[in-house]
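Reader: I am new to structures built from more than one chain. Could you walk me through this one, a feature at a time?

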2 protein chains.
Amino acid sequence: MSDAAHAFVPGHVTGFFTVARGEDPIETGSRGGGIALSDGVAVTVRPGDDTRVTLNGEAIEVEAVERVLNALRTTATVTAETPLPLGSGFGVSGGLALGTALAANAAFDRRLSYNELVTVAHGAEVQSGSGLGDVVGQARGGVPLRLEPGGPQYNYLDAIPARSRVEYVTLGELSTEDVVGGDTDALTEAGERALSSVVEEPTLATFTRASRRFSREADLLTPAVKEVIDDVAAAGGDAAMAMLGETVFALGTGLTDAGYDASVCSVYPAGATVEDGPPTA
Amino acid sequence: MSDAAHAFVPGHVTGFFTVARGEDPIETGSRGGGIALSDGVAVTVRPGDDTRVTLNGEAIEVEAVERVLNALRTTATVTAETPLPLGSGFGVSGGLALGTALAANAAFDRRLSYNELVTVAHGAEVQSGSGLGDVVGQARGGVPLRLEPGGPQYNYLDAIPARSRVEYVTLGELSTEDVVGGDTDALTEAGERALSSVVEEPTLATFTRASRRFSREADLLTPAVKEVIDDVAAAGGDAAMAMLGETVFALGTGLTDAGYDASVCSVYPAGATVEDGPPTA
């Protein structure tokens, strides 16, 4: 058993998605499209007799993290830092699960492959009800398109070959479990239409347009989010809603041009990785 | 048509590989394992009436680049910079092909997806005889394991979840075409044994051990390369031969500890990407 190990997982905003339930958690997931963000989750795992998780210095309980550590047959102290808000559509829970898998594999010398660790984290998220597609998007990086649902053994990923500055503002939280746990047929139909249009023309402009349409068609657009998106459009920019949170993301300087005090990051081209030294969020 | 566009492609040393010929170029390729390097190829594509390619300021002819531009139905001025030597097992030709595909897609607004561009570059490399597995490894980044051969529609990639400093020295060139064009049955058997051992234990230590064994079993180890690898081992380090070049790579400080004046870089976690601005190699 070695000392502490570190991992960095990019944040991930989903623009549109489907719900696809399979026979087991690693066949379950979602099709859809998202953007991996340079603002992410930095995770440190240290051997410990009990599992304790802190995020930005505060103790939290994250079912997906406990499931990951159980799957790796260990307990640990997990210390995570992120500039991203929880429950607002940035894949923080997926980042905690995947970062814990990567760092625990290193700290406890478990000798699992990258895809095996992604499978463990994806399955833990699905079983916890906290996410369907963030983990595999965060494992790829860039602007991932999830053409098939599920973990690495089942899914098929492509991507939009583009980089950009990304801005975001968060107005409030939405529960992934509440939306994904109900009737998702209409949502899935809207998600399939959005994915088709982006596959046909894989550009960032088409991605945000498809995301805006999805949020309306899936009946997830809140009045507050709509107002911000309209303000960005009035200022000549391009914005959409992040799934699932009361969050608006914009390409380039869309939000600041419209007068919002937005957080600024960029498309993160790499997937989640273990780090040599202490990570920075 | 827009202005110049830029892409960065990590270098890629292959430790072991098989030769797998399929019905067409995108089903042809190799299984194997490699390391994506932070030393890579920075490519700029500018619209031009003829196709001209320069590498580090010198005009060169690269069949795979011309095939990529033909596939994208265009001609262009391609300007590339790299600290890596050509013909020495670093995937420079794959980097030129993939970087040209990504940058030309942006410069000429071709609206192809990431996988489509990787498919174009992989097919161009295979048809040119200059490589079988570099392009798909360079598109993934990290420490890719190619479990199935071919382009993105056919292959299946995993990876070793690890980062490391990487050192290298080059003693001379080897022709990929000469080795891969001949009888490759023994080489492929050795490559399959190496891949099996790394899949069983996906760590960097197992990777370099399997790579050393492969270079002996495939009868590719030259006396000069063997001497350097032995020197690194005598100094307590871990080195192997890069396929296909008279090149030695070592993890950590293996080569400098053994007294060699090695180039230093690191595992590059991201796959090839378009860049926002002018690239740096």
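Author: Let us begin with how copies are compared: they are superposed by least squares on the C-alpha atoms of residues with pLDDT of at least 70 in both. Please keep in mind that this is a predicted model.

Reader: By what turn and what shift can chain A be laid on chain B?

Author: A turn of 180 degrees, with a shift of 0.0 Å along the axis, lays chain A on chain B with an RMSD of 0.0 Å. That is the relation of a two-fold axis, and in chain A the C-alpha nearest this axis belongs to Ala270(A), 2.0 Å from it.

Reader: How many residues of each chain are in contact with the other?

Author: In chain A 23 residues are in contact with 23 residues of chain B. Among the elements of chain A that each supply at least two residues of the touching side are helix 2 (92-107) and helix 3 (114-128), and the residues of that side divide into 11 nonpolar, six polar and six charged. Because 100% of the interface residues of chain A are also interface residues in chain B, the copies meet through the same surface.

Reader: How do the strands of a sheet pair?

Author: Strands of a sheet pair through backbone hydrogen bonds, either parallel or antiparallel. Here, chain A has an open sheet of four strands in the order 9-10-8-11, with antiparallel pairing. Strand 9 (239-242) and strand 11 (263-266) of chain A stand at the edges with a single partner strand each, so one side of each is left without a neighbour in the sheet.

How values were computed
Residues are numbered from 1 along each chain as its sequence is written. Chains are lettered from A and ligands numbered from 1 in the order in which they are written. This is a predicted model: local features need pLDDT of at least 70, side-chain atom pairs count only at pLDDT 80 or more; totals for chains, interfaces and linings use all residues. Two residues are in contact if their C-beta atoms, placed from the backbone, lie within 7 Å. Ala, Val, Leu, Ile, Met, Phe, Trp, Tyr, Cys and Pro count as nonpolar, Asp, Glu, Lys and Arg as charged, and the others, Gly among them, as polar. Two strands pair if DSSP finds at least two bridges between them.
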